[in-house]
Amino acid sequence: MFVRTGHRESMRNRLVILFTFVLSYCLPTIAQVGEYRNDFSVGVNGGYVLSDVGFTPTVSQDLHGGITGGISFRYVCEKYFSTICSVYGEINYAQLGWEEDILDRQDQPVINKKTGLEEEYSRTANYIQIPIFARLGWGRERKGAQFFFQVGPQFGFFLNESTKTNFNFPERNQEDRINKTCAQDTLSIQNHFDYGISAGLGLEYSVPKVGHFLLEGRYYYGLGNIYKDSKRDYFSKSNYGNIVIKLTYLFDIIKTKNL
């Protein structure tokens, strides 16, 4: 139905190679010459996720809002000069999806001719997400503030989905829509495993005998598609993009002695 190109595969390969290089070269090098650490912390996280789907052919969208939250784990393994190196992971529940921006050629909402209402459509897809990060921090380890950057792969497992709309699909106002793509409105999510690259920046504040409080902004770029993408399928691309703002609380289980 559509001509496929190698652009998506090329981008996916470059991202995988880049991340593999970071993990296989940079972090082991740090681990060989840094100061030993053995800190393990667990905790909880919660926040808000804004998501959309990169459809090809294009679907006009606004960002879909949903909640996310779960449990967190961190293992601090090394300090290299002023850089604190650790591995951080989460197991989260997340509400993803997309919200369509149904407009006409004058950028006005499309009115359904049967109901007289502005046409609205959104899809919510619930996932279990597992991000695994290589984390670098700068600042205080045990008391005070620390700035951190983290990057790594993320895996998602589809649970279920729901649709919110105020019109019947056969009765949609197709004449006035500037964006005619509507196949996604009736297709259920076909690929139940999602994967991609996530990266975040944040601040951590540590209080002795209390724990660690983290505020983070994160972006996720999906490398997989939610719909099948063969030449016989409608969409050649349908990957998630997520913006996440979250708070995390960690408490120490194991701490390096004599620091």
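Phenylalanine 55 touches Gln61, Trp98, Gln184, Tyr227, Phe235, Lys237 and Ser238, leaving aside residues up to four places away in sequence. Keep in mind that this is a predicted model. Phe55 is also one of the 21 residues in the largest nonpolar core, and it belongs to the group that touches the most other members. Below is a quick tour of that core, the overall build, one buried serine and the salt bridges.

**The cores**

- Besides Phe55, the best-connected members of the largest nonpolar core are Trp98, Tyr127, Ile189, Ile226 and Tyr240.
- Four strands each supply at least two residues of this core: E1 (35-56), E4 (83-100), E5 (121-139) and E9 (237-254).
- There's a second, separate core of five residues, and Tyr88, Phe133, Leu214 and Leu250 are among them.

**Overall build**

- The protein has one helix and nine strands.
- Reading from the N terminus, the order is α-β-β-β-β-β-β-β-β-β.
- Of the 259 residues in the protein, 41% are buried.
- If you take contacts between residues at least 6 apart in sequence, 75% of them join residues at least 24 apart.
- The accessible surface comes to about 13,700 Å², and carbon and sulfur atoms account for 61% of it.

**Serine 198**

- You'll find serine 198 in strand E7, which covers residues 193-207.
- Serine 198 has a relative accessible area of 1%, so it counts as buried.
- A polar atom of the serine 198 side chain lies 3.4 Å from the backbone oxygen of tyrosine 219.
- Not counting residues up to four places away in sequence, serine 198 touches Phe133, Gln150, Val151, Gly152, Gln154, Arg218, Tyr219 and Tyr220.
- One of those neighbors, Phe133, is also part of the second core.

**Salt bridges**

- Side chains of opposite charge can pair when their charged atoms come close.
- The count here is twelve salt bridges.
- Lysine 113 and glutamate 175 pair through their side chains at 2.8 Å, N to O. Lysine 113 sits in the loop between E4 and E5, while glutamate 175 sits in the loop between strand E6 (144-165) and E7, so this pair ties together parts that are 62 residues apart in sequence. Both lysine 113 and glutamate 175 are exposed.
- Arginine 177 and glutamate 119 form another salt bridge, at 2.9 Å, N to O. Here arginine 177 is in the loop between E6 and E7 and glutamate 119 is in the loop between E4 and E5, so the pair ties together parts 58 residues apart in sequence.
- Are arginine 177 and glutamate 119 buried or exposed? Arginine 177 has 2% relative accessibility, so it counts as buried. Glutamate 119 is buried too, with a relative accessible area of 5%.
- Arginine 123 and glutamate 161 meet in a salt bridge at 2.7 Å, N to O. This pair links distant parts of the chain, with arginine 123 in strand E5 and glutamate 161 in strand E6, 38 residues apart.
- Arginine 123 counts as buried because its relative accessibility is 3%, whereas glutamate 161 is partly exposed at 26% relative accessible area.
- Glu35, Arg37, Lys79 and Glu141 are joined into one network by salt bridges that share partners.

Notes: Residues are numbered from 1 along each chain as its sequence is written. This is a predicted model: local features need pLDDT of at least 70, side-chain atom pairs count only at pLDDT 80 or more; totals for chains, interfaces and linings use all residues. Side-chain values use heavy atoms; hydrogens and water are left out. A nonpolar core is a set of buried Ala, Val, Leu, Ile, Met, Phe, Trp, Tyr and Cys residues joined through side-chain atoms within 4.5 Å. Buried means under 20% relative accessible area, exposed over 50%, partly exposed in between (1.4 Å probe, protein chains only). Contact means heavy atoms within 4.5 Å. A polar contact is a pair of N or O atoms within 3.5 Å; within protein, one must be able to donate a hydrogen and the other to accept it, and residues adjacent in sequence count only if both atoms are side-chain atoms. Accessible areas come from the Shrake-Rupley method with a 1.4 Å probe; for residues, only the protein chains shown count as cover. A salt bridge is a side-chain nitrogen of Lys or Arg within 4 Å of a carboxyl oxygen of Asp or Glu.
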